[in-house]
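The following questions and answers concern a single protein chain. Each answer reasons from the coordinates to the value or name requested.

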Amino acid sequence: MEAAPGPQEKYHLITRNLQEVLGEDKLMAILKERELKIYWGTATTGKPHVAYFVPMSKIADFLKAGCEVTILFADLHAYLDNMKAPWELLELRTRYYENVIKAMLESIGVPLEKLKFVRGTDYQLSKEYTLDVYRLSSAVTQHDAKKAGAEVVKQVEHPLLSGLLYPGLQALDEEYLKVDAQFGGVDQRKIFTFAEKYLPSLGYAKRVHLMNPMVPGLTGSKMSSSEEDSKIDLLDRKEDVKKKLKKAFCEPGNVENNGVLSFIKHVLFPLKSEFVVLREEKWGGNKTYTAYEALEKDFAEQVVHPGDLKNSVEVALNKLLDPIREKFNSPELKKLTNAAYPNPSKAKPAEKGTKNSEPEDVVPSRLDIRVGKVISVEKHPDADSLYVEKIDVGEPEPRTVVSGLVQFVPKEQLQDRLVVLLCNLKPQKMRGVESQGMLLCASSGGEPRHVEPLDPPAGCCAGERVYVEGYEGGEPDEELKPKKKVFEKLQADFRVSEDCVAQWKQRNFLTKLGRVSCKSLKGGSIS
């Protein structure tokens with residue numbers, strides 16, 4: 001049986017390959033007394049890619065050093081960071097992250113039972129945490145909050161208040177997760193120093209901070225979820241891995257900003273303690289390196305060719321990715337991946353020189369669906385089975401809408417109600433009254449028939465856009481041409497889910513506040 005590492009050996013394992021440690025003396029003092037409690041957090045935004053193996057390999061080091069490790073899936077942070085993860089996708093993306101991070105850890109041989117997994121929303125919405133957010137906001141200046149998030153929070157011309165809250169929440173996480181240390185990339189340094197400055201003002205201890213270097217992507221810049229060519233996705237096919245590595249920046253003799261070498265240094269060497277460069281016999285045959293520095297020296301002196309280096313990384317990387325691909329080949333995880341990261345179809349551009357041409361793709365973004373507020377409801381003057389409603393949809397004047405809800409919804413239940421209205425149908429007269437939109441309702445099959453208007457989330461305002469998950473970016477047609485039957489084609493796939501959420505092809509109808517639903521008609525149609 002292997003002897004447990006001593007404090008000095010633990011310190012070496014914990015700090016190797018790190019760029020910086022804040023609180024080295026405190027770290028050593030803790031290790032002399034007990035095991036270190038540490039956490040690593042990841043905001044559940046874009047798909048994790050192979051650079052995530054860098055923190056994973058450090059987590060393996062922490063466990064070898066006997067640390068108690070917590071992994072935080074920072075779902076609320078993902079929303080606060082300029083809404084990188086829409087509220088309605090948070091749950092799905094968090095589940096995706098949980099599955100893929102666990103698959104990565106298993107791939108590198110990390111025992112999951114030694115880790116604690118936590119979601120931010122498990123505790124960040126509690127009364128105590130919320131009060132501490134307010135306490136912290138009364139102590140932190142706007143300048144310090146903005147400065148702390150500058151390297152992490154997405155920078156835009158008109159920043160949202162949520163981005164200023166982000167550093168404070170990350171600081172409080174250290175206290176609420178009851179850890180001694182936080183681990184992250186060196187891009188988190190300003191948030192770490194922010195935490196060291198402000199946590200004591202609330203009576204909480206200053207923590208140790210451990211920072212990884214930022215690993216270059218395949219293009220030589222930071223590996224990013226939003227820059228497709230800079231990253232290899234964890235679920236990329238082998239042929240995609242080959243293609244991306246072939247294009248990777250790996251100039252002969254150049255060891256600066258070399259993403260291929262960095263991946264070997266920060267992932268493959270720590271995991272295996274060696275790296276094999278695969279070469280044909282005529283070029284000297286395979287060579288095993290047991291120290292990264294020797295490999296870097298040979299590459300700098302052009303003893304190792306970039307092509308051989310890339311081919312060797314490709315083989316080693318695919319060994320890590322194979323079990324992850326296999327796990328995500330299950331129908332359940334395929335469905336989760338598609339739901340968490342919907343791939344919106346883009347309408348085909350009109351051909352040049354074509355008059356009045358319409359986009360050929362029939363996609364939900366072509367529908368102008370809005371939240372409406374019913375201002376008045378009257379019986380149709382010439383038809384007892386119809387209502388004439390005046391509905392505010394955020395325009396200077398309310399729209400007149402004729403609906404057949406008389407036998408299903410009492411007049412008083414419609415008055416002042418929030419509804420969902422399709423606004424770009426061509427107006428048509430119904431028994432002499434022009435209807436300027438269509439109320440979208442759920443209906444049951446069979447007899448007796450039941451109908452319920454769709455309900456936007458509470459708190460919505462008249463005129464807010466209703467969109468289908470994954471199709472929030474498109475512009476609606478000014479007016480749907482009846483002959484094109486765009487609405488009819490889309491409406492054929494409108495359904496109410498088993499939890500009463502309105503959907504198109506199993507993708508939710510959404511506003512910025514959440515999902516559109518009905519009261520009770522599970523599995524119903526929508527028209």
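Q: Which residues of α8 are buried?
A: In this predicted model, burial requires a relative accessible area under 20%. Twelve of the 16 residues of α8 meet that criterion, so the helix is largely enclosed by the rest of the structure. The buried residues are S162, G163, Y166, P167, G168, L169, Q170, A171, L172, D173, E174 and E175.

Q: How far does helix α8 reach from its first C-alpha to its last?
A: Helix α8 covers residues 161-176, which gives 16 residues. At 1.5 Å a residue, a span of 22 Å is expected. The reach in the model is close to that expectation, at 23 Å.

Q: Which residue that follows α8 has a positive phi?
A: Most residues other than glycine have a negative phi. The residue in question, after α8, has a phi near 55 degrees. That residue is K178.

Q: At what angle do α8 and α9 pack?
A: Helix α9 spans residues 189-198, and its axis lies 9 Å from that of α8. The crossing of the two helices is right-handed. They pack at an angle of about 65 degrees.

Q: Which residues of α9 make the contact with α8?
A: On the α8 side, the contact involves Y166, P167, G168, Q170, A171 and E174. Across both helices, the contact residues divide into seven nonpolar, two polar and one charged. The α9 side is formed by I191, F192, F194 and A195.

Q: Against which elements do the buried residues of α9 pack?
A: The buried residues of α9 are I191, F192, F194, A195, E196 and Y198. Their packing partners include both helices and strands. These are β1 (20-22), α6 (127-137), α7 (142-148), α8, β5 (181-185) and β6 (208-212).

Q: How are α11 and α13 oriented to each other?
A: Helix α11 (residues 259-272) and helix α13 (residues 306-327) have axes 11 Å apart and pack at an angle of about 45 degrees. Angles under 35 degrees count as roughly parallel, and those of 65 to 115 as roughly perpendicular. The two helices, α11 and α13, are therefore oblique.

Q: How many charged residues are in the contact of α11 with α13?
A: The crossing of these helices is left-handed. From α11, the contact draws on V260, L261, F263, I264, V267, L268 and L271, and from α13 on L309, K310, V313, A316, L317 and L320. Twelve of the contact residues are nonpolar and none is polar, while the number of charged residues is one.

Q: What is the angle between α5 and α14?
A: Helix α5 (residues 90-107) and helix α14 (residues 331-340) pack with their axes 9 Å apart. Angles over 145 degrees count as roughly antiparallel. The pair is instead classed as oblique, and the angle is about 135 degrees.

Q: How many polar residues are in the contact of α5 with α14?
A: Here the crossing is left-handed. L92, R93, R95, Y96 and N99 of α5 meet L333, L336, T337, A339 and A340 of α14. Six of these residues are nonpolar and two are charged, and the polar residues number two.

Q: Which residues does T94 touch, beyond those up to four places away in sequence?
A: T94 belongs to helix α5. Its relative accessible area is 0%, so T94 is buried. Its contacts are T44, F73, D75 and R119.

Q: Is Q506 buried or exposed?
A: Q506 is in the loop between β20 and β21, as is K505. Phi is positive at K505, near 50 degrees, and also at Q506, near 65 degrees. With a relative accessible area of 61%, above the cut-off of 50%, Q506 is exposed.

Q: What share of the contacts in the chain with a separation of 6 or more is between residues 24 or more positions apart?
A: The chain has 16 helices and 23 strands, and its C-alpha atoms fill a box of roughly 90 × 65 × 45 Å along the principal axes. Of its 527 residues, 51% are buried. Among contacts with a separation of 6 or more, the share from residues 24 or more positions apart is 70%.

Terms used. Residues numbered from 1 in each chain as written. Predicted model: local features only at pLDDT ≥ 70, side-chain atom pairs only at ≥ 80, totals over all residues. Heavy atoms only, no water. Axes fitted to C-alpha atoms, helices over the stretch in contact; angles between N-to-C directions. Helix = DSSP H or I, 4+ residues; strand = E, 2+ residues; numbered from the N terminus. Left-handed = near helix turned anticlockwise from the far one by under 90°. Contact = heavy atoms within 4.5 Å. Nonpolar A, V, L, I, M, F, W, Y, C, P; charged D, E, K, R; others polar. Expected span 1.5 Å × (residues − 1). Buried < 20%, exposed > 50% of the residue type's maximum accessible area, 1.4 Å probe, protein only.
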